[in-house]
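User: I am new to reading protein structures, and I would like to understand the reasoning behind the words that are used to describe them. Could we go through some of those words together?

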Amino acid sequence: MARTRDHGDRVAGTPRRADAERNIATIITAATECFARDPDASMTAIAKAAGLGRVTLYAHFPSREQLLRTVLAETIAESAGIIEAASPDEGPPAEVFAQLIRSCWPLLSRFGSLHAAVQRALPADEVRRRHDQPLAHVERLVARGQAEGAFRTDLPVEWLVTTVYTLLHAAADEAAAGRLATDSVGEILEKTLLAMLRPE
């Protein structure tokens, strides 16, 4: 009898788990779109965009900060995948770096005001720490560029990586605010960052 009851619970629970997973995916998608448009997007607005009630939203994400953390983790994972796909450990460092910028900028521009939302809601050191994985690839590329004479060696690798990180997100903020044309930012970033890395 116990085995039958366990089996029944498992079968009955499967649809509930599937519904929960679908709701979570729907919420994350809606939240990403809402934060990309408006850094001050509320949980009420996100629930409405997801087509779900506030009770359902809060059941999965008890706070706006927790939802933002999840959205940030998803976008960072996507950017890390793009960087890995660009094979940063292979090829001439300057060319690889330029390709990374061209590959990553469309992702950054797509998320619009998300970075501003994250900055307002989460501690700066936490936001930076969550970028450790993609930045590790950039750090290896910059270090390799220094070793091969392609990048400047008069400044520490860590500082150069921090500069790259800061300018990428500054460009995203400027584009989201309408102060830079989105279709020109990729080229602007490529020129600015390569000039910053170039040996004297």
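Analyst: What follows is a set of questions and answers about this structure, which is a predicted model.

User: What makes α5 and α9 oblique to each other?

Analyst: Helix α5 (residues 93-110) and helix α9 (residues 157-176) pack at an angle of about 40°, and their axes are 11 Å apart. Angles under 35 degrees count as roughly parallel, and those from 65 to 115 as roughly perpendicular; an angle of about 40° falls in neither range, and therefore α5 and α9 are called oblique. The crossing in which α5 passes α9 is right-handed.

User: Which residues make that contact, and how do they divide by class?

Analyst: On the side of α5 the contact is made by F97, I101, W105 and L108, and on the side of α9 by V164, L168, H169, A171, A172 and A175. By class, the contact of α5 with α9 has nine nonpolar residues, one polar residue and no charged ones.

User: Why is the pair of F97 and F151 called edge-to-face?

Analyst: A pair of aromatic rings is described by the distance of the centres and the angle of the planes. The ring centres of F97 and F151 are 6.2 Å apart, which lies within the 6.5 Å needed for a pair, and their planes stand at 75°, which is over 60 degrees, so the pair is edge-to-face. A search of the whole structure finds one aromatic pair.

User: How do you know that this pair links distant parts of the chain?

Analyst: F97 belongs to helix α5, whereas F151 sits in the loop between α8 (132-147) and α9, and the two residues are 54 residues apart.

User: What makes α5 roughly antiparallel to α8?

Analyst: These two helices pack at an angle of about 155°, with axes 9 Å apart. Since angles over 145 degrees count as roughly antiparallel, the helix α5 is therefore roughly antiparallel to α8. The crossing of α5 past α8 is left-handed, and the contact is made by P93, V96, F97 and L100 of α5 together with L141, R144 and G145 of α8. Sorted by class, the contact of α5 with α8 has five nonpolar, one polar and one charged residues.

User: Why is α4 also described as roughly antiparallel to α5?

Analyst: The axes of helix α4 (residues 64-85) and α5 cross at roughly 160° and come within 9 Å. An angle of roughly 160° is over the 145 degrees required, so α4 is roughly antiparallel to α5. The crossing of α4 and α5 is right-handed. T75, E78, S79, I82 and I83 of α4 meet L100, S103, C104, L107 and R110 of α5 in this contact, whose residues divide into five nonpolar, three polar and two charged.

User: How do you know where the "DNA-binding region" is, and what is the span made of?

Analyst: The position comes from UniProt, where an unreviewed entry lists residues 42-61 under that name. In the model, the span of residues 42-61 is 75% helix and 0% strand, and its end C-alpha atoms lie 13 Å apart. The unreviewed entry also lists residues 21-79 as "domain: HTH tetR-type", and that span is 81% helix and 0% strand, with its end C-alpha atoms 23 Å apart.

Notes. Residues are numbered from 1 along each chain as its sequence is written. This is a predicted model: local features need pLDDT of at least 70, side-chain atom pairs count only at pLDDT 80 or more; totals for chains, interfaces and linings use all residues. Side-chain values use heavy atoms; hydrogens and water are left out. UniProt positions are given in the numbering used here, feature names are shortened, and annotations may be inferred rather than shown by experiment. Helices (H or I, at least four residues) and strands (E, at least two) are DSSP runs, numbered from the N terminus. Axes are lines fitted to C-alpha atoms, for helices over the stretch in contact, and angles run from 0 to 180 degrees between N-to-C directions. A crossing is left-handed if the near helix is turned anticlockwise from the far one by less than a right angle, and right-handed if clockwise. Contact means heavy atoms within 4.5 Å. Ala, Val, Leu, Ile, Met, Phe, Trp, Tyr, Cys and Pro count as nonpolar, Asp, Glu, Lys and Arg as charged, and the others, Gly among them, as polar. Rings of Phe, Tyr and Trp (its six-membered ring) pair if their centres lie within 6.5 Å; planes under 30 degrees apart count as stacked, over 60 as edge-to-face and the rest as tilted.
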